[in-house]
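Visitor: I should like to go through this model and ask on what grounds each structural term is applied. May we begin once the structure is on display?

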Amino acid sequence: MTAKKLHIKTWGCQMNVYDSQRMADVLAPLGYAESDEIEGADLVILNTCHIREKATEKVFSELGRMRKHRAEKEKAGGKMAFAVAGCVAQAEGAEILRRDKNVDMVFGPQTYHKLPEMIANWESANGKTRILNTEFPPEPKFDHFPAEQATRGTSAFVAVQEGCDKFCSFCVVPYTRGAEYSRPAADIISEIKHLIAKGVREVTLLGQNVNAWHGDGLDDTTWDLGRLIFQLAEINGLDRIRYMTSHPRDMHDMLYRAHGEVPQLMPYLHLPVQHGSDKILETMNRKHTADDYMRIIHRLRDIRPDMAFSSDFIVGFPGETDADHRATMKLVDEVGYAAAYSFKYSRRPGTPAAKAGKQVSEDIKDRRLQELQTKLYADQTAFNASKLGMTIPVLLDRKGRNDGQLQGHSPWLQTVNVAAPDRLMGQIMDVTITKTTQNSLTGEIVTIAPISEIHAA
Ligand code: 5AD
Ligand code: SF4
């Protein structure tokens, strides 16, 4: 079989990054090999994100830019298929096919296991048919993915849960990803064991609402995420466990216990609060107050004093006043985040908040976002600076910017640059931090003795 070239461009969340990898895994047996470059590709997949405005326009302008590559391939006598996947495909599939005649296939996030069938149909019609598949099939796609993920480094994502039943009033995810689904523990464990056999040491359990995971356990009962983490801690060679993204409402006793008792569970949690004002949290349909959230933070810090947090924030939600915004600033100050993502509220058609009367002006959104980000960046810089002089374990997982450098991650997901030989790639090394900035740390490895010293000892 001659190798066909597959190019995937991914926008959005880690779930999309994971999905793109799994699409490549599904297509590998059909002879498609993934490439970072679009030139000469036989199949290009745009894996899109619909969370904020302009998502659809971004897709169309990318399709426009890609057209010249397709023309070149045709000139050389070949064919380059364009496919649009992900949440924009789910939400606007028919519109995409209507507006851009160059698009051959559109398929939503729940159909990726059907890719071989869709591609075969398209190929057998000699590219003369167009495919639209945005169904939510009854069988979960995970059951039809190859058991093994192709590994890409020492840190891997494993989707354990998908979809969302929370219906925050601003968010499209419950519509584009569908209802919550939890994979059985046995499948998750088997996928992780395959990854470890190939050199993976760190796994991030992924889900839109990952701490709502409630899957079949190994003992015929339903487990929660805390119980699953205790089980994963038994897997030899799994040195680091993370999970994201969590919802404050789904923090449960077993998960707190896991944070206290499982050393492999990293002391870092992405726990979006979205806002600091109870009035706004209510209209967002978050079903928790700012106080509820702070209680979670305190409880986790009591259990693990070195626990650090990140969050997502939305400014300019309909009806937000200056006082509401100040409540967000106050909460941020109380938590002291290690990192955070903040966004201007973006009206999403079909969501309840889009119809709210009191939309906030762009000017005010800009001003509030800037104030919030200035504070969040200062806190991130301070958090990084708090590690100066400390010796911390770093998983060295990629090449650094310069020769003789490797890059890794701290337990708190900070990027750490160190001078290190390539042979230490994939190792967890103790590193003394010598310099910190807003975005990264620099340090020196503590314990590598030159070979001559080891012999002398
Ligand atoms: N406008 C702005 N931000 C949004 N998010 C989700 N929907 C919207 C929206 N309509 C943000 C939330 C969520 C993150 C993934 O994206 O903060 O946690
Ligand atoms: Fe969207 Fe809320 Fe579900 Fe997160 S919890 S995916 S913000 S609806």
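Visitor: What makes strand 17 and strand 20 a pair, and in which sense do they run?

Guide: The model is a predicted one. Two strands pair if at least two bridges are found between them. Strand 17 (residues 391-399) and strand 20 (residues 428-436) are joined by 5 bridges, so the criterion of at least two is met. The two strands run antiparallel. Within this pair, proline 393 stands opposite aspartate 430 of strand 20.

Visitor: How do you know that strand 17 also pairs with strand 18?

Guide: The count of bridges decides this as well: strand 17 and strand 18 (residues 405-409) share 4 bridges in the antiparallel sense, and at least two are required. One of the bridges links arginine 398 with glutamine 407 of strand 18. Strand 17 and strand 18 form a hairpin, with 5 residues between them.

Visitor: What is noted about glycine 404 in the turn of that hairpin?

Guide: Glycine 404 has a positive phi of about 80°.

Visitor: Which strands make up the closed barrel, and in what order do they run?

Guide: The closed barrel has 5 strands in the order 17-18-19-21-20. Strand 17 pairs with strand 18 in the antiparallel sense, and strand 20 is joined to strand 17 by 5 bridges. The pairing in the barrel is mixed: strand 17 and strand 20 run antiparallel, whereas strand 19 (residues 415-419) and strand 21 (residues 440-445) run parallel, joined by 4 bridges. In the latter pair, threonine 415 stands opposite serine 440.

Visitor: What is the average twist from one strand to the next in the barrel?

Guide: The average is 55°.

Visitor: How is the open sheet ordered, and what is its pairing?

Guide: The open sheet has 6 strands in the order 2-1-3-4-5-6, and its pairing is parallel.

Visitor: Why is one side of strand 2 and of strand 6 left without a neighbour in the sheet?

Guide: Strand 2 (32-34) and strand 6 (131-133) stand at the edges and each has a single partner strand, so one side of each has no neighbour in the sheet. The twist in this sheet averages 20° from one strand to the next. For strand 6, the pairing with strand 5 (residues 105-107) consists of 3 bridges, and the two run parallel. Valine 106 has leucine 132 of strand 6 as its bridge partner.

Visitor: Which strands does helix 2 lie across?

Guide: Helix 2 (residues 55-75) lies across strand 1 (4-10), strand 3 (43-48) and strand 4 (81-85), and runs at about 160° to strand 4. In the loop between strand 3 and helix 2 is lysine 54, whose phi is near 70°, a positive value in a residue other than glycine.

Visitor: What makes the bond between methionine 244 and threonine 245 a cis peptide bond?

Guide: The angle given for this cis peptide bond is an omega of about 5°. Threonine 245 is located in the loop between strand 13 (240-244) and helix 8 (253-261).

Visitor: How do you know that arginine 52 has a polar contact with ligand 1?

Guide: A polar contact is a pair of N or O atoms within 3.5 Å. A polar side-chain atom of arginine 52 lies 3.0 Å from an oxygen atom of ligand 1, so this pair satisfies the cut-off. A backbone N or O atom of phenylalanine 170 likewise lies 3.0 Å from a nitrogen atom of ligand 1, and a polar backbone atom of serine 346 is 2.8 Å from a nitrogen atom of the ligand.

Visitor: How much of the area that ligand 1 exposes when taken alone does the protein bury?

Guide: Taken alone, ligand 1 exposes 400 Å², of which the protein buries 87%. Strand 15 (308-315) and strand 16 (339-344) are the elements that give two or more residues to the shell around this ligand. The shell divides into 5 nonpolar, 2 polar and 4 charged residues.

Visitor: How does the shell around ligand 2 divide?

Guide: The shell around ligand 2 has 7 nonpolar, 2 polar and 2 charged residues. Among the residues that surround ligand 2 are Cys164, Cys168, Cys171, His247 and Arg286. Phe170 belongs to the surroundings of ligand 2 and is also listed around ligand 1.

Technical notes:
Residues numbered from 1 in each chain as written. Chains lettered and ligands numbered in written order. Heavy atoms only, no water. Axes fitted to C-alpha atoms, helices over the stretch in contact; angles between N-to-C directions. Contact = heavy atoms within 4.5 Å. Near = heavy atom within 4 Å. Polar contact = N/O pair within 3.5 Å; in protein donor to acceptor, adjacent residues only side chain to side chain. Areas by Shrake-Rupley, 256 points an atom, 1.4 Å probe, with all protein chains shown as cover. Nonpolar A, V, L, I, M, F, W, Y, C, P; charged D, E, K, R; others polar.
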